[in-house]
Amino acid sequence: MAPRVSIVLPTYNERGNLEPLLAQLLPLQCRFDLEILVVDDDSSDGTAELVRQLAHGEPRLRLVRRVGRSGLASAIKEGLLDATGDLAVVMDADGQHEPASVERALDTLLQGDLDLVIGSRFHPEASIQGLSGRRETGSTWANAWARFSLPAAYGQLTDLMSGFFALRLEPLLPLIRAVDVNGFKFLFELLAVSRGRLRTAEVPLRFQPRSYGSSKLDLAIFWDFLISILHSLSLRLLPRRAISFGLVGASGVVVQLALTQALMQGAGLGFERALPLAVVGAASSNYLINNALTFRFQRLRGLKLLQGLLKFLLVASLPVLANVGLASAFYSFVARDTLWAQLAGILVVFVWNYAASSRFVWNTP
Ligand code: GDD
Ligand code: MN
């Protein structure tokens, strides 16, 4: 009997791309018992409406519509958990992944008795069109970092960031359930939680330019990726949000040091005067960056943004006072060294700020 195959297509504003893609995928039903799941995050261009309409005449097509956009990785996870096939294929719905690769990936999966087959843009036989030089370099770097943070068993894989992969559903379901979805990179996370146990292979991709619409990859997604890597490197012990908060805090350190320098040299203030100003400046900058990245799903806007800043400064003022006090004391009594004086204060601030501002500013547990 033909194996049942579920193709999962995550979509966000892909109305123009879906019909040509489906036309190329549906012929696979000659070989497989096919199911196509479109997981749409409430696109504003009518993607879901189109799928609903198409599904009336095509029983193999299913729509999973989610309200409140929650990201590519979580869409993939949901699609895979809803899929009913023996095998599943995940691919981009924008035409960048060639439908021809689907069959090749499935054959490789079946013949090799494998768990997972990745479509790689960096396979020796692969070709890439429609990825800017910057994106290609970015992906190469991201791959190098990702490889470093993953189990050595995956060392031979060339595209850990791919959005194209085929897998055996039944044995992988527990892993799929365990994937943390706060990111763009479902595949990377799947490999990370699998601890090197998956039998994998790659097939080359011919990566195409996007047909319609634009990419959804943005700074926030890049940020999530960086956090994923660090999370993996910490053996998944440090919570992601704490890592993000810590990195933002580190940027605050730089801001504080620079502001102190500027105020002392530019404005001629003494260290004791410059420091409190620099600390408040750094705290405000931390607040804004955290609001945009760490807590972007609870993001505060408009008047709430201002209220949040006041709350954040209030929450932070306790350790800020401690910070100023500590740093000043260190400066007066331990060493007249402005760098170490500030670093000592900053460490104390981190733990309190993370816990208290999560709770009181962004109302998360
Ligand atoms: N449901 C849902 N929700 N789908 C989304 C979301 C989302 O928040 N964001 C993006 N998608 C869908 C898009 O509609 C598209 O079908 C697919 O996911 C890929 O998104 P793109 O925005 O086109 O990504 P890209 O082309 O910039 O990135 C490519 O390279 C990455 C690695 O560098 C893709 O192949 C990615 O899958 C890949 O991880
Ligand atoms: Mn794309």
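**Exercise 1. Asp113 and its surroundings**

Does Asp113 count as buried, partly exposed or exposed, and at what relative accessibility? State also where Asp113 lies and what its phi is.

*Solution.* The structure is a predicted model.

Step 1. The relative accessibility of Asp113 is 45%. Buried means under 20% and exposed means over 50%, with partly exposed in between. Asp113 therefore counts as partly exposed.

Step 2. Asp113 belongs to the loop between helix 4 and strand 5.

Step 3. Its phi is near 50°, which is a positive value in a residue other than glycine.

**Exercise 2. Helix 4**

Compare the expected span of helix 4 (residues 100-111) with the distance between its end C-alpha atoms, and determine where its buried residues lie around the axis.

*Solution.*

Step 1. Helix 4 has 12 residues, and at 1.5 Å a residue it should span 16 Å. Its end C-alpha atoms are 17 Å apart, which agrees.

Step 2. The buried residues of this helix are Ser101, Val102, Ala105, Leu106 and Leu109. Viewed down the axis of helix 4, they fall within an arc of 135°, so they line one face of the helix.

Step 3. A general rule helps to explain such a pattern: an α-helix has 3.6 residues a turn, so residues three or four places apart point the same way.

Step 4. The face turned away from the buried side of helix 4 carries the exposed residues Ala100 and Gln111.

Step 5. The elements against which the buried residues of helix 4 pack include strand 1 (4-11), helix 1 (15-25) and strand 4 (87-90). Strand 5 (116-120), strand 7 (165-168) and strand 8 (200-204) are also among them.

**Exercise 3. Helix 10 and two of its residues**

Check the span of helix 10 (residues 271-292), then classify Asn291 and Gly281 by accessibility.

*Solution.*

Step 1. At 1.5 Å a residue, the 22 residues of helix 10 should span 32 Å. The end C-alpha atoms of helix 10 are 31 Å apart, in agreement with this value.

Step 2. Asn291 is found in helix 10. Its relative accessibility is 4%, so Asn291 counts as buried. Other buried residues of helix 10 include Phe271, Leu275, Tyr287 and Asn290.

Step 3. When neighbours within four places in sequence are left aside, Asn291 is in contact with Arg296, Arg299, Leu300, Leu305 and Trp362.

Step 4. Gly281 is also found in helix 10. With a relative accessibility of 24%, Gly281 counts as partly exposed. Gly281 and Gly252 are 29 residues apart in sequence, and their C-alpha atoms are 8.6 Å apart in space.

**Exercise 4. The packing of helix 3 and helix 6**

Describe how helix 3 (residues 72-82) and helix 6 (residues 169-178) pack, and say which residues make the contact.

*Solution.*

Step 1. The two helices pack at an angle of about 145°, with their axes 10 Å apart. The crossing of helix 3 and helix 6 is left-handed.

Step 2. Helix 3 contributes Lys77, Leu80 and Leu81 to the contact, while helix 6 contributes Leu169, Leu173, Ile176, Arg177 and Ala178.

Step 3. These residues divide into 6 nonpolar, no polar and 2 charged.

**Exercise 5. The whole chain**

How many helices and strands does the protein chain have, and what percentage of its residues is buried?

*Solution.*

Step 1. The secondary structure of the chain comes to 12 helices and 9 strands.

Step 2. Of the 365 residues in the chain, 48% are buried.

Definitions and conventions. Residues are numbered from 1 along each chain as its sequence is written. Chains are lettered from A and ligands numbered from 1 in the order in which they are written. This is a predicted model: local features need pLDDT of at least 70, side-chain atom pairs count only at pLDDT 80 or more; totals for chains, interfaces and linings use all residues. Side-chain values use heavy atoms; hydrogens and water are left out. Helices (H or I, at least four residues) and strands (E, at least two) are DSSP runs, numbered from the N terminus. The expected span of a helix is 1.5 Å times one less than its number of residues. Buried means under 20% relative accessible area, exposed over 50%, partly exposed in between (1.4 Å probe, protein chains only). The arc is that of the directions from the helix axis to the C-beta atoms. Contact means heavy atoms within 4.5 Å. Axes are lines fitted to C-alpha atoms, for helices over the stretch in contact, and angles run from 0 to 180 degrees between N-to-C directions. A crossing is left-handed if the near helix is turned anticlockwise from the far one by less than a right angle, and right-handed if clockwise. Ala, Val, Leu, Ile, Met, Phe, Trp, Tyr, Cys and Pro count as nonpolar, Asp, Glu, Lys and Arg as charged, and the others, Gly among them, as polar.
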